Each structure stands twice: as structure tokens, then as C-alpha cells.
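Hi everyone, thanks for making time this morning. I'd like to walk you through one structure, so let me put it up on the screen.

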Amino acid sequence: MQTGRLGQRLARMQQLWHSSHALVAIPLGLIVVITVVDIQSPQNIHLGPLLVIAPALAASFSGPWTTALIGALAVAAQVVIAVLHGGLTTSNHVAQIIALSVLSVFVVLVCMVRERRKRELAQVRSVSEAAQRALLRPLPHRLGPLRFGSSYLAAEEEACIGGDLYAVTRTDSGTRVIIGDVRGKGLASVGEAATLLGAFQEAAHQHTTLPALASALDRSVCRYLTHFPEGDEEAPEHFITALLLEIPDHEPVARMTHCGHPPPLLVSQGGVTTAASSQPAPPLGMCGLGPDTHALDEFAFQTGDTLLLYTDGVIEARDRNNAFYPLAQRVAQWTRSSPDALVQNIQRDLLAHAEGSLGDDAALLAIQRMHSSS
């Protein structure tokens with residue numbers, strides 16, 4: 001997958017390189033045309049100031065070196081015009097040459113600043129992509145009797161990762177799943193998301209029940225939050241909503257422990273229903289405000305059924321009329337879709353609903369039971 005992406009990027013860079021070099025002919029042609037027309041015009045007509053268009057135009061699609069070359073050619077053309085139209089000693093021509101030189105240098109400087117920012121942005125994207133791969137490892141398409149589909153949309157521009165999280169892990173008797181949402185959005189919440197994911201991967205194999213696992217994760221998050229600086233005014237408000245699932249291989253059921261997270265949707269032949277918890281607990285990280293024990297809910301999850309887990313960035317996305325995204329209503333259109341197709345359909349529809357701009361990170365995780373293991 002990474003090799004394919006690299007090949008696509010190299011192809012796009014090659015296309016841009018060829019197109020930018022082809023566009024250089026435009027400012028070069030302008031220099032030639034303006035110079036020829038000015039030389040053949042009466043001496044009281046001065047077209048030389050128009051030469052500044054050439055470096056300004058080159059800066060819009062070329063780098064600083066090409067722009068500097070175009071600027072130098074424009075200044076040289078102005079000198080030629082001055083020699084053939086009264087000589088270099090004419091004050092009007094001297095002023096035009098100086099002005100064109102200064103403007104060309106300014107355009108080149110602007111171009112250099114733009115190129116530096118482009119390099120910094122490329123580096124930020126590279127780091128962001130590396131963080132996403134390290135934090136949210138790609139889910140397997142199939143694990144035991146389950147198929148998975150996932151999607152992540154970061155709210156912050158140029159970011160690939162934020163405070164939403166999900167992970168799956170196999171146990172001796174089934175599969176455990178977590179989806180969560182750190183308070184806040186974007187890169188500032190990555191640390192808390194990483195803490196919870198690391199704790200889940202370890203604790204999921206140490207606790208026999210979901211309530212015990214939820215309590216262990218709550219303690220891990222609280223320990224992490226105690227390391228926040230005392231001057232951090234928002235530290236007491238840091239928390240993580242989470243939903244824990246356990247799907248046994250040999251039973252057509254799913255078990256759930258709910259910690260302040262939106263309930264999943266169960267997509268079955270009967271339609272789309274909400275798998276709500278009877279006793280939802282507060283989010284993780286409340287540090288003393290949560291319960292001593294967490295509740296466990298169980299519901300039917302049969303062959304062919306799909307569970308859709310999501311974060312509040314999905315259901316809180318608004319359209320131009322300030323209406324929330326009607327997730328359950330839209331999912332009802334795609335009840336026969338595979339997990340991958342389901343999350344892709346929702347992602348496209350969600351971005352269209354929000355006109356491409358999300359107010360919060362949005363994560364989707366679809367889980368379909370293919371069969372019950374014997």
C-alpha cells in the first residue's frame with residue numbers, strides 16, 4: 001500500500017514538474033513580445049514597466065530560481081529597450097530598470113518564503129502520517145469470525161490524526177474492541193489517545209470481564225492525567241469517552257461496557273437499532289467521580305449482523321442549516337453493504353452533509369459477524 005502511494009506521489013510530482021516547465025514559455029513569450037513592441041513603438045510610448053508581469057507570473061507556478069531567471073531576463077530586456085530608446089542615461093529608463101530590479105527581487109523573496117512553507121507543510125504531513133500509522137494501526141479486514149471496516153477523519157486541516165481512537169485485539173475466546181474520543185480535537189489530544197490505546201492492548205489480555213477492563217483503563221487514564229502541569233487550567237476537564245465490546249467466537253451475542261460514549265448501531269435484517277446501555281458510566285479519567293464497578297450489557301449479534309461504532313464527530317456534524325447528521329437514517333440505506341463499503345458510504349455522505357468541513361474528529365468502525373466459530 002505504501003509503495004503504491006509513493007508511486008502515485010512521484011507521478012504527480014513528475015506531472016507538476018513538466019507542467020511548470022511548459023508554463024515558463026508564457027513569461028518568456030511576454031518578455032519577447034513586450035520588448036519587440038516597445039522597440040518598434042515611438043519613443044513617447046513606454047511598455048517596459050509591463051515586464052514586471054513576467055516574474056510575477058513565473059512566481060505563481062515556479063520556484064525561486066526559475067523566477068529569479070525570469071526576473072533577470074526581464075531586467076535585461078528593459079536595458080535593451082533603454083539602449084534602443086534614448087540610451088541608458090535617460091532618467092526615465094534608469095528609474096524603470098531600478099524599479100523592475102527591485103520588484104523582481106521582492107517577487108523572488110516572496111517565492112522563497114512560499115517554498116519554505118511548502119517544505120514545512122510537507123514535513124508536518126509526513127510526521128502526521130507517521131503518527132497515525134503508529135497510533136492507529138490499520139485494522140485487519142478479517143479477524144476470527146469478524147470482518148472490519150474503519151475510517152478516520154481529522155477535523156484539523158493538514159492533520160491525519162487527532163483525539164479519536166479505536167483498536168481490536170484477539171483473546172482466547174473472542175475479540176475485544178475499543179472506540180474512544182478524547183475531549184478536544186486534533187494533535188493536542190494525541191497523547192491521551194496513545195495512553196488509552198497502549199493500556200487497552202495490554203489490559204485486554206489481563207482482565208476476564210469488560211467491567212474489570214474498563215476500571216483498569218480508567219485508572220491508567222487517571223494516572224496519566226496526574227502528570228499534567230499544575231498551571232494547566234483545563235487539566236481537570238480532560239477525559240475520554242469510550243465503548244468496550246467483547247464478541248465471543250462461539251456465541252451469537254456481543255457484550256458491551258459503556259463509558260460515556262455514543263451507543264453503537266446494530267444493523268441487521270430487521271433494520272437499524274441502537275444498542276443502548278442500561279447503565280452507562282461516566283467517561284474515563286473522571287478520577288473518583290466514576291463508579292467503582294462498570295455495568296455489562298449483552299445483546300444478540302448474529303451471523304450477517306453489523307455493529308457500527310462511531311464518535312460524536314459523526315453525529316454532531318452540521319449542514320448549512322445547522323442540522324445534525326442523521327446517522328441511523330442514512331445507515332438504513334446501506335444495510336446490505338460490507339463493512340468497508342458501509343464506512344466509505346458514510347464518510348462520503350458525512351463530508352457532503354458538512355460541506356467538507358468537520359467541526360470535530362470523526363471515526364467509524366464497522367464490525368460484521370460472518371459466522372459463529374465451531
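Let's start at the surface: Leu-23, Ile-26, Leu-30, Leu-50 and Ile-53 together make a nonpolar patch of about 380 Å². Please keep in mind that this is a predicted model. Take Leu-50 from that patch: it sits in the loop between α2 (25–40) and α3 (53–59). Is Leu-50 buried, exposed or partly exposed? Its relative accessibility is 42%, so Leu-50 counts as partly exposed, since that class lies between 20% and 50%.

Stepping back to the whole chain, the accessible surface comes to about 19400 Å², and carbon and sulfur atoms hold 58% of that. Of the 374 residues, 44% are buried. You can also count ten helices and eleven strands.

Now to the sheet I wanted to show you. Five strands line up as β3-β4-β5-β6-β9, forming an open sheet with antiparallel pairing. At the edges are β3 (164–170) and β9 (297–300), each with pairing on one side only. From one strand to the next, the twist averages 20°.

Let's zoom in on β4 (residues 174–182) and β5 (residues 240–248), an antiparallel pair joined by nine bridges. Here Arg-176 stands opposite Glu-246 in β5.

And what lies across these strands? Helix α6 (residues 190–203) lies across β3, β4 and β5, and runs at about 10° to β3. Helix α7 (residues 210–225) packs on the sheet too, touching β4, β5 and β6 (253–259), with its direction at about 150° to that of β5.

That's my tour, and I'm happy to rotate the view for anyone!

Notes
Residues are numbered from 1 along each chain as its sequence is written. This is a predicted model: local features need pLDDT of at least 70, side-chain atom pairs count only at pLDDT 80 or more; totals for chains, interfaces and linings use all residues. Side-chain values use heavy atoms; hydrogens and water are left out. Helices (H or I, at least four residues) and strands (E, at least two) are DSSP runs, numbered from the N terminus. Buried means under 20% relative accessible area, exposed over 50%, partly exposed in between (1.4 Å probe, protein chains only). Accessible areas come from the Shrake-Rupley method with a 1.4 Å probe; for residues, only the protein chains shown count as cover. Patches are made of residues with over 30% relative accessible area and no salt bridge: like charges are joined within 9 Å, nonpolar side chains (Val, Leu, Ile, Met, Phe, Trp, Tyr) within 5 Å. A salt bridge is a side-chain nitrogen of Lys or Arg within 4 Å of a carboxyl oxygen of Asp or Glu. Two strands pair if DSSP finds at least two bridges between them. Axes are lines fitted to C-alpha atoms, for helices over the stretch in contact, and angles run from 0 to 180 degrees between N-to-C directions. Contact means heavy atoms within 4.5 Å.
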